[in-house]
Amino acid sequence: MEVIITKEAASASNLAARRIARLVRIKPAAVLGLATGSSPLGLYKELIRMHREEGLDFSRVHTFNLDEYIGLPPDHPASYHSFMEENFFRGVNIPHGNIHLPDGLASDVPSHCEAYEQAIRDAGGIDLQILGIGSDGHIGFNEPGSSLASRTRIKTLTPGTREDNARFFRKPEDVPYHVITMGIGTIMESHSVALLAFGEGKSVAVGGAVEGAISASNPSSVLQMHPDAKIYLDEPAASRLERIDYYQWVFQNKPAWQTDR
Ligand code: GLP
């Protein structure tokens, strides 16, 4: 696990964007795992800028999103389909057929989840998974208590997550109770992971993710077992870490050949 701490969220987002750009340049048909929420917004903005101004080409990229609300049609303003269209897809050139999100209207949820897993395998697995983190440590929508070996499936949101996400809905009661999310086992199979967390509100979850015991009580802590996980933080999100000086020391003293930081 590598912890990268910058003063402002924008610098961390730009570093993560550079890592993705490097991957896409080396492997034009890269498979990206995508996340929603406010945390990856700066990253998407920077990738769109790189596409427009630097010709970063996404025409062979495939994407798989982590999750979607059950019961929301794709064109619902709070659906993750809409979120991705608005904040990323409409700004880059990923062919429509290469884009995958769980279907919140699937009539047979278990079969749909199996098919989603199969589609990831058929694409050759996820090269790089982008993650945010919930204030309770959830990744995707894998709430505390989720099996660390779980696969794509239905989950019930905690009251706290429904509250956190109410800002995207017209009324708090409109937040769905159920979601489809990639499992923790699914996320762990991605070849590399970039988790972004910004703001003091994430500091407890981040502390558990990076320095806590590995436990389903903080699902993000499983990333300590991932061979290539980078955690991008601003200073407030990193404020409860004990080894903060060491993480910064590592970052400042990178060998010159480690260019994709
Ligand atoms: C939702 C998403 C997660 C995201 C989390 C944090 O629950 N399913 O993937 O990480 O929100 O969102 P934000 O980045 O807005 O704090």
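A residue counts as partly exposed when its relative accessible area falls between the buried range, under 20%, and the exposed range, over 50%. Arg 151, at 30%, is therefore partly exposed. Keep in mind that this is a predicted model. Below are the ligand site, the salt bridges, a loop with two contrasting residues, and helix 1.

**Ligand site**

- The ligand has 14 residues around it, and the closest are Ser 38, Ser 39, His 138, Arg 167 and Lys 202.
- On the oxygen side, a polar side-chain atom of Ser 39 sits 2.5 Å from a ligand oxygen.
- Asn 165 also faces a ligand oxygen, with an N or O atom of its side chain 3.4 Å away.
- A ligand nitrogen gets its partner from Asp 67, where a polar side-chain atom lies 2.8 Å off.
- Taken on its own, the ligand has 390 Å² of accessible area, and the protein covers 94% of that.

**Salt bridges**

- There are 13 salt bridges in the structure.
- One of them pairs Glu 189 with Arg 151, at 2.9 Å from N to O.
- Glu 189 is in the loop between helix 6 (184-188) and strand 9 (192-197), while Arg 151 is in the loop between strand 6 (128-131) and strand 7 (153-156), so this pair ties together parts that lie 38 residues apart in sequence.
- Lys 171 and Asp 174 make another salt bridge, with 3.6 Å between their closest N and O atoms.
- Both ends of that bridge are partly exposed: Lys 171 has a relative accessibility of 35%, and Asp 174 comes in at 30%.
- Asp 228 and Lys 230 are bridged too, their closest N and O atoms being 3.8 Å apart.
- Here the two ends fall into separate classes, since Asp 228 is partly exposed at 28% relative accessible area, whereas Lys 230 is buried at 8%.
- Shared partners link Asp 228 and Lys 230 with Glu 2, Arg 19 and Lys 254 in one salt-bridge network.

**The loop before strand 10**

- Met 225 belongs to the loop between helix 7 (203-211) and strand 10 (229-234), and His 226 has its place in that loop as well.
- Met 225 is exposed, because its relative accessible area of 58% is over the 50% cut-off.
- His 226 is buried, because its relative accessibility of 3% is under the 20% cut-off.
- From there, the side chain of His 226 reaches the backbone nitrogen of Asp 228 at 2.9 Å, and Asp 228 is the residue that bridges to Lys 230.
- On the surface, Met 225 joins Leu 148 and Ile 214 in a nonpolar patch, and together they have about 260 Å² of accessible area.

**Helix 1**

- Helix 1 spans residues 9-26, which makes 18 residues.
- From first C-alpha to last, helix 1 reaches 26 Å, close to the 26 Å expected at 1.5 Å a residue.
- Its buried residues include Ala 12, Leu 15, Ala 16, Ile 20, Leu 23 and Val 24.
- Ser 13 and Arg 19 are also among the buried residues of helix 1, and Arg 19 is a member of the salt-bridge network with Glu 2, Asp 228, Lys 230 and Lys 254.

Technical notes
Residues are numbered from 1 along each chain as its sequence is written. This is a predicted model: local features need pLDDT of at least 70, side-chain atom pairs count only at pLDDT 80 or more; totals for chains, interfaces and linings use all residues. Side-chain values use heavy atoms; hydrogens and water are left out. Patches are made of residues with over 30% relative accessible area and no salt bridge: like charges are joined within 9 Å, nonpolar side chains (Val, Leu, Ile, Met, Phe, Trp, Tyr) within 5 Å. Accessible areas come from the Shrake-Rupley method with a 1.4 Å probe; for residues, only the protein chains shown count as cover. A salt bridge is a side-chain nitrogen of Lys or Arg within 4 Å of a carboxyl oxygen of Asp or Glu. Helices (H or I, at least four residues) and strands (E, at least two) are DSSP runs, numbered from the N terminus. Buried means under 20% relative accessible area, exposed over 50%, partly exposed in between (1.4 Å probe, protein chains only). A residue is near a molecule or strand if one of its heavy atoms lies within 4 Å of it. A polar contact is a pair of N or O atoms within 3.5 Å; within protein, one must be able to donate a hydrogen and the other to accept it, and residues adjacent in sequence count only if both atoms are side-chain atoms. The expected span of a helix is 1.5 Å times one less than its number of residues.
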